[in-house]
Amino acid sequence: MLFPRGEAACDVLSTVPEGPPRRFRWRAQIHQVTHAEGPERIAAEWWREPGKDRDYYRIECEAGHRLWLYRDGPHAPDRPAAWYVHGLFA
């Protein structure tokens, strides 16, 4: 199921700033990631206006949920990247 808009994932923890998430909070619950695939980068065409790149990850949490998360833009020391849940897998 794809959401109309990404839903914010908060308190995202990853082993390296540009790496996959290891833990995050979404819909008031903490999710521990047991498996992550990605990133798959989605970016604007090079001939158009530059936009934010999105790095998508397919993750599975310890409760068995399979989610599609993305990081919106790069991580910077003064501004951590924003993360969103874009959908669920059956």
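In the predicted model, buried residues account for 28% of the 90 residues of the protein. The accessible surface amounts to about 6,200 Å², and carbon and sulfur atoms contribute 53% of this area. Among contacts between residues at least 6 apart in sequence, 37% link residues that are at least 24 apart. The C-alpha trace extends over about 40 × 30 × 20 Å along its principal axes.

The secondary structure consists of six strands and zero helices, and the order along the sequence is β-β-β-β-β-β. The radius of gyration is 13 Å, close to the 12 Å that the globule rule gives for 90 residues, so the protein is as compact as a globular protein of that length.

The six strands form a closed barrel in the order S1-S2-S3-S4-S5-S6, with antiparallel pairing. From one strand to the next, the twist averages 45°. Strand S1 comprises residues 2–14 and strand S6 residues 82–89; these two run antiparallel and are joined by four bridges. Within this pairing, Glu 7 has Val 85 of S6 as its bridge partner.

Strand S1 also pairs with strand S2 (residues 21–26), again in an antiparallel arrangement, through three bridges. Leu 13 is matched here with Arg 23 of S2 as its bridge partner. The two strands S1 and S2 constitute a hairpin, with six residues between them. Strand S2 is in turn joined to S3 by four bridges, and the two strands run antiparallel. The bridge partner of Arg 25 in S3 is Ile 30. In a regular strand, side chains alternate between the two faces of the sheet.

Several backbone features merit separate description. Most residues other than glycine have a negative phi, and most peptide bonds are trans. Two residues in the loop between S2 and S3 depart from the former pattern. Arg 27, which is placed in that loop, is not a glycine yet has a positive phi of about 55°. Ala 28, likewise found in the loop between S2 and S3, is not a glycine either and has a positive phi of about 65°. With respect to solvent accessibility, Arg 27 counts as exposed because its relative accessibility of 52% lies over the 50% cut-off. Ala 28 has a relative accessible area of 72% and is therefore also classed as exposed.

A departure from the trans peptide geometry occurs at the bond between Gly 38 and Pro 39, which is cis, with omega at about 10°. Pro 39 belongs to strand S3.

The loop between strand S3 (29–42) and strand S4 (54–61) contains Trp 47. The relative accessible area of Trp 47 is 56%, over the 50% cut-off, so this residue is exposed. Trp 47 and Phe 89 are separated by 42 residues in sequence, and their C-alpha atoms lie 33 Å apart in space.

Key. Residues are numbered from 1 along each chain as its sequence is written. This is a predicted model: local features need pLDDT of at least 70, side-chain atom pairs count only at pLDDT 80 or more; totals for chains, interfaces and linings use all residues. Side-chain values use heavy atoms; hydrogens and water are left out. Buried means under 20% relative accessible area, exposed over 50%, partly exposed in between (1.4 Å probe, protein chains only). Two strands pair if DSSP finds at least two bridges between them. Axes are lines fitted to C-alpha atoms, for helices over the stretch in contact, and angles run from 0 to 180 degrees between N-to-C directions. The radius of gyration is taken over C-alpha atoms; the globule rule is 2.2 Å times the number of residues to the power 0.38. Contact means heavy atoms within 4.5 Å. Accessible areas come from the Shrake-Rupley method with a 1.4 Å probe; for residues, only the protein chains shown count as cover.
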